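Here is a short tour of a protein chain, written for a reader who likes to check each stop on screen. Please keep the viewer open as you read.

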Amino acid sequence: MEETQSLDAAINAFISPVSDFITSIIFYSIPVSGVEVPLIVLWLITAGLFFFFYLKAINVTRLWLAINIVRGKYDEPDSKGEVNHFQALATALSGTVGLGNISGVAVAITLGGPGATFWMIVAGFFGMMTKFAECTLGVKYRQVSADGIVSGGPMYFLRDGLKAKGFPVLGKVLAVLFAVMCIGGALGGGNMFQSNQVTAQLVAETGGSASWFANNLWLPGLILSLLVGSVIIGGLKSIAHVTEKIVPFMCALYVAACLYIIFAAYDKIPQTFLLIMNGAFHADAMYGGVLGVLITGFRRASFSNEAGVGSASIAHSAVKTNEPVTEGLVSLLEPFLDTIVICTMTAVVIVITGAYHDVGKDGITLTSHAFSSTVNWFHYILSISVFLFAFATMISWSYYGLKSWGYLFGAGKTSELIYKCMYCFFIIVGSSMSLTKVVDFSDAMIFSMSIFNIIGLYLLAGELKQDMNQYLHKIDTGIIKKQP
């Protein structure tokens, strides 16, 4: 173990100066009424608010239309693309529904109290609009090769969309920067962090420091690497076939366990929601007041659903459709399911069980304690959920990184194989090391993606609104008919 520790220390010492510099820029905060407010969170929330009003609250007025599109009621059999609407949604959801829904929510409540739950819901609500914008543009500017392989996402609408607007140099620069950060985020936050947490949960469930795995951390990583590799080697269609099965199961399993815990304490439900509402608008100084709770809730929601980051646009771009707006509508369901449903379930469980009062527990340990406090074996369900959530996140982020890699270095078979082997290797590295600074650096790169992505969204907002109005006109006038 000493070698591992010394290697950890050497890597952390090497990466720390760079990591600290990058994170200090990306997560730069300004003091407001004694609360440190990260500008990157304001950047993400402002975009959601802007598109909510600019696009006339389509996340409310056309929510049922979005559901019907996912159900296949507006499918176009001859459309170009690789996956159907449900598979695209499942793939993108598998990238956002991850450990942030389990441990991230616990962190939010630890820092901001029960009231942070309310502001997470609000952030998820407005995040639906940012997802709509980025995924519509991702489909509009995607490229389809002769063999039917689709490449899309912010790299392409930044480059080609801004070129059409008369900003070719700006578009190219933003696209390259986005792709570089996306690769870094895929290898770090979308990969190493996930494998590290799965391994940590496995060690905890098998005896902690006395576990055989505690001295062989690389082995869970190797097994996980082989599992991930067996899926991603087949490309997006293989990933989609897996995620369309995993995502509904893992969400249903987790939500069912949460509902059982909630209704087991049904007499506390009114009091729990009263605590959440009071905490949202009457927070005490321990949680930084109302502003502190608001920022905590918004930050954790943004971390969880990735609205504005642009990553999901890469997955949604591969959908079979001739109408880009259809996939924009499908994508706005992501923050709804990820934040408003699953994150809220986690938060209510933590509050209704009283687990948030436990000093010394945070993150996944707090959620695990909340689960086992009602049924002592429910922590096993949480362990299964941790594995499935992390596995789904890794295979989805492998695709995001692959498309960014292909944008920068070409999409040939050799280039793709190099990336996939590197991605699988980093799974083993992540499981066997505690790389706090590397993870911080990766998170910074993931959220720096939103800087370049949202600049493009603002510059292309006019044509986005025009495309939306044209599509909705076709729906309302019956030009596009709903299938029975």
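A residue is called buried when its relative accessible area is under 20%, exposed when it is over 50%, and partly exposed in between, using a 1.4 Å probe and protein chains only. With 16% relative accessible area, G72 is therefore buried. You will find G72 in the loop between α4 (63–70) and α5 (85–96); helices here are DSSP runs of H or I with at least four residues, strands are runs of E with at least two, and both are numbered from the N terminus. From C-alpha to C-alpha, G72 is 8.1 Å from Q483, although 411 residues separate the two in sequence.

Before going further, a word on the model. It is a predicted one, in which local features need pLDDT of at least 70 and side-chain atom pairs count only at pLDDT 80 or more, while totals for chains, interfaces and linings use all residues. Residues are numbered from 1 along each chain as its sequence is written, and side-chain values use heavy atoms, with hydrogens and water left out.

**The chain as a whole**

The chain has 484 residues, 58% of them buried, and its secondary structure consists of 21 helices and 4 strands. Taking contact to mean heavy atoms within 4.5 Å, 83% of the contacts between residues at least 6 apart in sequence join residues at least 24 apart. About 19300 Å² of the chain is exposed, with 66% supplied by carbon and sulfur atoms; these areas come from the Shrake-Rupley method with a 1.4 Å probe, and for residues only the protein chains shown count as cover.

**A hairpin**

Strands β1 (residues 29–32) and β2 (residues 35–38) pair in the antiparallel sense over 4 bridges, where pairing requires that DSSP finds at least two bridges between the strands. I30 stands opposite V37 in β2. The hairpin leaves 2 residues between its strands, and S33 has a positive phi near 55°.

**Salt bridges**

A salt bridge here is a side-chain nitrogen of Lys or Arg within 4 Å of a carboxyl oxygen of Asp or Glu. By this rule there are 7, including these three:

| Pair | Closest N to O |
|---|---|
| K131 and E334 | 2.8 Å |
| R159 and D160 | 2.8 Å |
| K474 and E323 | 3.0 Å |

K474 sits in helix α21 and E323 in the loop between α14 and α15, so this pair links distant parts of the chain, 151 residues apart. K474 is partly exposed at 29% relative accessibility, whereas E323 is buried at 16%. Both K131 and E334 are buried. R159 is partly exposed, with a relative accessible area of 22%, and D160 is partly exposed too, at 23%.

K140, K165, E463 and D467 form a network of salt bridges. D467 lies in helix α21 (residues 461–476), and, leaving aside neighbours within four places in sequence, D467 is in contact with K140 and V325.

**A buried loop residue**

Which residues does T321 touch, not counting those up to four places away in sequence? They are E76, S79, K80, H85, V139, R142 and T326. T321 lies in the loop between α14 (311–316) and α15 (324–331) and counts as buried at 2% relative accessibility.
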